[in-house]
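Trainee: Hi! Got a minute to go through a structure with me?
Mentor: Sure, put it up and ask away.

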Amino acid sequence: MTVSRADWDSSVPWKRLEVGLPLQHERGEIARIVAHRRGTFGWQYGDWVSKRPFGRQFHKGVDLVGWIDPKGKEHSLKGTLCLAAFDGLVDYIGDDEDEQPSVVLRHSSIGKMRYRISFFGDLSELFVKKAGQRVKQGQPIGRPGRAPNGRHFTHFSIGYRPVEGVLRKDDYFVDPFSLIPGAKSAIR
Ligand SMILES: [Zn+2]
């Protein structure tokens, strides 16, 4: 998909865009993505007191923990790649709050108030090199990391960054599963 002028306009809402699957596996077609939707790492769960400088935080994204093939068999994220969900530019590369590699992609022009972003956290490997680098929808940008229990997972958020905002602190997010076709019901 190419970025049309309308798509690149920061006032066009996410729900008017065709958001791609953020994961790919070399040995199978991903029919659904499995994500935590409830509990501490579910969408919008929060108000926990963080030890980190941002203070009270909500989990404004989803932790992707597996995928389901077209026959209904569930697989771990081992061997999966994280993909750009939409055309964009690399906005930020660096450690996330868990001190794991992370990447923020910008998916619109920098408007007066805000711009569209997606965010992958808890990665183990990054394939993009520097801010400003162009990415295409479906382009591999990294590999999922691992939780302390050894399970492969990655954090994924879609939303907006205020132009004057502080990284992550002022970002605001939408439920990514409301935008990813076919992914809605794969919850744990
Ligand atoms: Zn998370």
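Trainee: How many bridges pair strand E5 with E14, and in which sense, parallel or antiparallel?
Mentor: One thing before that: this is a predicted model. E5, residues 62-68, pairs with E14 over three bridges, and the sense is antiparallel. Within that pairing, Val62 has Phe156 of E14 as its bridge partner.

Trainee: Okay, and what is the secondary structure of the protein?
Mentor: There are 15 strands and zero helices.

Trainee: Back to E14, then. How many bridges does E10 make with E14?
Mentor: Eight, again in the antiparallel sense. To find that pairing on screen, look for Ile117, whose bridge partner in E14 is Gly159.

Trainee: And which residue of E15 stands opposite Gly159?
Mentor: That's Phe173. E15 covers residues 172-174 and pairs with E14 over three bridges, antiparallel. So Gly159 is a handy landmark, with Ile117 as a bridge partner and Phe173 opposite it in E15.

Trainee: What about E13 and E14, how are they joined?
Mentor: By two bridges, with the strands running antiparallel. Arg146 stands opposite His152 of E14 there. The two strands form a hairpin with five residues between them, and Gly150 in the turn has a positive phi of about 95°.

Trainee: Why is E14 described as largely enclosed?
Mentor: Because nine of its eleven residues, in the run 152-162, are buried, E14 is largely enclosed by the rest of the structure.

Trainee: Let's switch to E9. How many of the residues of E9 are buried?
Mentor: Five of the six in 101-106 are buried, so E9 is also largely enclosed by the rest of the structure.

Trainee: Which strands does E9 pair with?
Mentor: E8 and E10 are its partners here. With E8, residues 88-95, there are six bridges in the antiparallel sense, and Ile93 is matched with Val103 of E9. With E10, residues 114-121, there are four bridges, also antiparallel, and the bridge partner of Leu105 in E10 is Ser118.

Trainee: Which residue in the hairpin of E8 and E9 takes a positive phi?
Mentor: Glu99, with a value near 60°. That hairpin has five residues between its strands.

Trainee: Where does Asp122 lie, and what is its phi?
Mentor: Asp122 is in the loop between E10 and E11, the latter being 123-126. Its phi is near 55°, a positive value in a residue other than glycine.

Trainee: Is Asp122 buried or exposed?
Mentor: Buried, because 23 other C-beta atoms lie within 10 Å of its own, and the cut-off for buried is 20 or more.

Trainee: New topic: where is Asp7 placed, and how exposed is it?
Mentor: Asp7 sits in the segment before strand E1, which is 23-25. Asp7 has 17 other C-beta atoms within 10 Å, so it counts as partly exposed.

Trainee: What does Asp7 touch, leaving out residues up to four places away in sequence?
Mentor: Val12 and Leu17. The C-alpha atoms of Asp7 and Leu17 are separated by 7.2 Å, and the two residues are ten apart along the chain.

Trainee: Last one, on the whole protein: what share of the residues is buried?
Mentor: Buried residues make up 37% of the 188. As for contacts with a separation of 6 or more, 61% are between residues 24 or more positions apart.

Note on methods:
Residues numbered from 1 in each chain as written. Predicted model: local features only at pLDDT ≥ 70, side-chain atom pairs only at ≥ 80, totals over all residues. Buried ≥ 20, exposed ≤ 12 C-beta atoms within 10 Å, placed from the backbone. Pairing = 2+ DSSP bridges. Contact = placed C-beta atoms within 7 Å.
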